[in-house]
Amino acid sequence: MAARNDIREATDRYERWLGEHMRLVAPDLALKHERMRLAVFPFMRATFYRWCELWRELAASERALARVAAVGDLHLENFGTWRDVEGRLVWGINDFDEATTLVWSQDLVRLATSAHLAIADEHLDVRRREASAAILAGYREGLERGPRTFALEEHNGWLRRVALNELRDPVAFWNKMGALRNARDPDADAVRALLAALPGGDRPARICRRVAGMGSLGRPRYVALAEWRGGGVAREAKATAPSAWTWASG
């Protein structure tokens, strides 16, 4: 079966398929392959396509379960913070590159797997059984209560303290943005979308290429940098493709 193929062969097939949807960035793909060799967790983050292949073979009994809107490539580092329209700090899932429709169990199993790997590397001080139970309990609570945001203001104070400890220093962030190189021959549609997303509409901006992420390394990624009302603003655009599940399932 396809899932028994060598990981290198699977990677080659997937990247050829991905290249049919966008113009891949070869140096970024090479960097991705390099990082995949460093540790198990980065390897997991980079190979959702392989996960899909193996899931189809090893979890065939799950196919009869209800299908839901799924994140797909869900793992511990897929959660983060952002500011909502009221300026409140909000926590939740912040990466939907592989979103698709899957059986309800797949997101939970992948998230639990990432937790188990983090525990093995001593990044989480909790037992594996406790981590899995917490994930399942949280999922059940979400179904019972319905969708709601995690605003880190008067509620969820402990989570706010965790988030504030990891927020990036604005000075360091803008120094990093300022060091980005101008993009050569950027995608015209991406440039139009970036300029339209800047506050005040289409305005002079520097279009740069950015190298970031893990699973999405190799996809074209651009940043528009501009000045607005006395400070810097940035907008990012990244090429999208169908979920790797589409590739794995034919």
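In this predicted model, a salt bridge is formed between the side chains of Asp97 and Lys238, with an N to O distance of 2.7 Å. The two partners belong to distant parts of the chain, Asp97 being placed in the loop between S3 and S4 and Lys238 in strand S8, at a separation of 141 residues. Asp97 is partly exposed, because its relative accessibility is 22%, and Lys238 likewise counts as partly exposed, because its relative accessible area is 25%. Elsewhere, salt bridges with shared partners connect Glu9, Arg13, Arg50 and Glu53 in one network.

The count of salt bridges in the model comes to 18, and two further examples can be described. Asp73 and Arg110 are joined through their side chains at 2.7 Å, N to O. Since Asp73 lies in the loop between S1 and S2 while Arg110 belongs to helix H5 (residues 104-120), this pair ties together parts of the chain that are 37 residues apart in sequence. Both Asp73 and Arg110 are buried. In the other example, the side chains of Asp12 and Arg16 meet in a salt bridge of 2.2 Å, N to O; both residues lie in helix H1, where a separation of 4 residues corresponds to about one turn of the helix. Asp12 is partly exposed, because its relative accessibility is 39%.

Helix H1 also takes part in the largest nonpolar core. This core has 22 residues, and those with the most contacts inside it are Tyr14, Leu18, Tyr49, Trp55 and Trp247. Two or more residues are given to the core by each of helix H1 (7-19), helix H3 (40-46), helix H4 (48-58), strand S4 (100-103) and helix H10 (244-248). The largest share, 5 residues, comes from H4.

Strand S8, which carries Lys238 of the salt bridge described at the outset, belongs to an open sheet of 3 strands, arranged in the order S6-S7-S8 with antiparallel pairing. Strand S6 (206-209) and strand S8 (231-238) form the edges of this sheet, each of them pairing on one side only. On average, neighbouring strands of the sheet are turned by 25 degrees against each other when direction is ignored. The antiparallel pairing of S6 with strand S7 (residues 221-228) extends over 4 bridges, and Cys208 has Val223 in S7 as its bridge partner.

A further open sheet of 3 strands follows the order S2-S3-S5, again with antiparallel pairing. Its edge strands are S2 and strand S5 (150-151), each of which pairs on one side only. Strand S3 (residues 89-93) and S5 are paired in the antiparallel sense over 2 bridges, and Trp91 is found opposite Phe150 in S5.

At the surface, Leu76, Leu124 and Val126 make a nonpolar patch of about 180 Å². Leu76 is located in the loop between strand S1 (67-70) and strand S2 (79-83), the loop in which Asp73 also lies. With a relative accessible area of 31%, Leu76 is partly exposed, and this value allows Leu76 to be counted in the patch because patch residues need over 30% relative accessible area.

How values were computed: Residues are numbered from 1 along each chain as its sequence is written. This is a predicted model: local features need pLDDT of at least 70, side-chain atom pairs count only at pLDDT 80 or more; totals for chains, interfaces and linings use all residues. Side-chain values use heavy atoms; hydrogens and water are left out. Patches are made of residues with over 30% relative accessible area and no salt bridge: like charges are joined within 9 Å, nonpolar side chains (Val, Leu, Ile, Met, Phe, Trp, Tyr) within 5 Å. Accessible areas come from the Shrake-Rupley method with a 1.4 Å probe; for residues, only the protein chains shown count as cover. A salt bridge is a side-chain nitrogen of Lys or Arg within 4 Å of a carboxyl oxygen of Asp or Glu. Buried means under 20% relative accessible area, exposed over 50%, partly exposed in between (1.4 Å probe, protein chains only). Two strands pair if DSSP finds at least two bridges between them. Axes are lines fitted to C-alpha atoms, for helices over the stretch in contact, and angles run from 0 to 180 degrees between N-to-C directions. A nonpolar core is a set of buried Ala, Val, Leu, Ile, Met, Phe, Trp, Tyr and Cys residues joined through side-chain atoms within 4.5 Å.
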